[in-house]
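Colleague: Got a minute to walk me through this one? I'd like to go over the strands first and the side chains after that.

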Amino acid sequence: MTRRERADAHPSDAEALAFLTRPGLTRLWTAARTRLERNGLQPAGTIRLQHLDAQEREALSLLLARPITGGTATIRLPDLDTRLRASAVGQGLASTLEELGPPLTDRRAVRDAAAAERARLWSTAQTEVDTTSLSGRPWTARWLEEIRRGGTLARQDPHTATSVITQAVHILATLFPGTGPRPTPVSWGRGELATRATGSAHGLDDGTLLSRLVLRGIALAHGVEFPADAPARRTLWRLASVTPDEVSSTVLAYGLCPTGGTWREAALRERAHHHMETHLTLRELRTLSLKMQPGTRVHVCENPRVVEAAADTGRTAPLICTSGSATTVVLTLLDTLAASGCLFAYHGDFDWPGIALANRIMQRYGAGPWRMRAADYEYLATRTQAHGTPQIALIGTPTEAVWDAELAPTMDALGIALHEEAALDLLLEDLG
């Protein structure tokens, strides 16, 4: 029965509820609720209310049937429970608080249930380890302890946590089979291994909890540090005879003429001579020797249209495209070229995400701005206005350009976003 239904059925109850909900008792019920929820919903202990005003003193005096005259009142919850039962309310403290709402929560029971779930989780994990080839390995106890201390697994819902740790154990047991016959194949593709364990080829993708747990186990088994970035994660997978996906992501390159003598470098030179763009995978970057002539100037752009236009017009300067946000494969190529002594010039969109990406590239590689200064922006903005080009509003939070302190204020003042294509003719002039 709801409070309204109960009050309608019994007028005396309506009077009692009206009294209990008066403002002078609000702090009492709040404090009592907090204490009961900590006590397993049992009316035990005391609460102390301080700095009582006249309204509160009057309400408490009537409720407790004793005068409250000072600014502080100490109330025993057993006495309050007895008083409520003997009064027109006719029910104990817990029932009264439920009536006043919201429902009470037995926080002690919630904590106990959570602790029991965690205990079951780690018991299950240990049982899984003990029944596989991981049993007795010197690193498995440390692996489980590091996962426990990390807390991420225990914060998942119980079903998910149990499934993930079980899958992680089975994957590691597959990779470290002990002295018995090794499973077929000895070398695994990461998607293949993920499908075997989870039913999904993406179950071990970067960023998943399962991949982090498995990589932690591999790192401990081989006595190496846990990987801090994507290249280190791929290296660690390969250390465990797992081939990560290195062919689905590519970087768009143009005009690269490496000096290496294998057919791979010759193929790149041949494509450059014929003004053909190339999509390079991580797998190719691992096998290519990308030594360039020392001091080679490599232009870097944000949008594929620049590469397309460079190829169409037979430009010859080396050009790398980030295709928006610079992914791992893009950074891997730029890292390789930087290591060979190449110098970089960068151009991107004149909007706030474009400036953020430019900052990233320029800071990482010491790249110079390529028609990316305040004067370049002002010229392009004026030219688009003169040509009647529809204007794109500059939105978002301003981002300071590390290479030109005047650029962000100028963009903010004009309020126009300019995509890289607005400067295409000028960029092509620079590409030779």
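Modeller: Sure. One definition up front: axes are lines fitted to C-alpha atoms, for helices over the stretch in contact, and angles run from 0 to 180 degrees between N-to-C directions. Also, keep in mind that this is a predicted model.

Colleague: Then at about what angle does helix 16 run to strand 5?

Modeller: Helix 16 covers residues 328-339 and lies across strands 5, 6, 7, 8 and 9. Strand 5 is 250-254, and the helix runs to it at about 45 degrees.

Colleague: Which are the edge strands of the open sheet of six strands?

Modeller: The pairing in that sheet is mixed, and the order reads 6-5-8-7-9-10. An edge strand pairs on one side only, which here fits 278-281 and 368-369. Those are strand 6 and strand 10.

Colleague: And what is the bridge partner of Val 300 in strand 8?

Modeller: Strand 7 (residues 297-301) and strand 8 (residues 319-321) run parallel, joined by three bridges. For Val 300, the partner in strand 8 is Ile 320.

Colleague: Over in strand 2, which side chains point to the buried face?

Modeller: Strand 2 runs antiparallel to strand 1 (residues 46-49), with four bridges between them. Thr 74, the bridge partner of Arg 48, points to one face along with Arg 76, and neither is buried. Side chains alternate along residues 73-76, and the buried ones on the other face are Ala 73 and Ile 75.

Colleague: Last one: how far is the charged end of Arg 216 from the centre of the ring of Phe 226?

Modeller: A charge counts as over a ring within 6 Å of the ring centre and within 35 degrees of the ring normal. Arg 216 does sit over Phe 226, and its distance from the ring centre is 4.3 Å.

Methods:
Residues numbered from 1 in each chain as written. Predicted model: local features only at pLDDT ≥ 70, side-chain atom pairs only at ≥ 80, totals over all residues. Heavy atoms only, no water. Buried < 20%, exposed > 50% of the residue type's maximum accessible area, 1.4 Å probe, protein only. Helix = DSSP H or I, 4+ residues; strand = E, 2+ residues; numbered from the N terminus. Pairing = 2+ DSSP bridges. Contact = heavy atoms within 4.5 Å.
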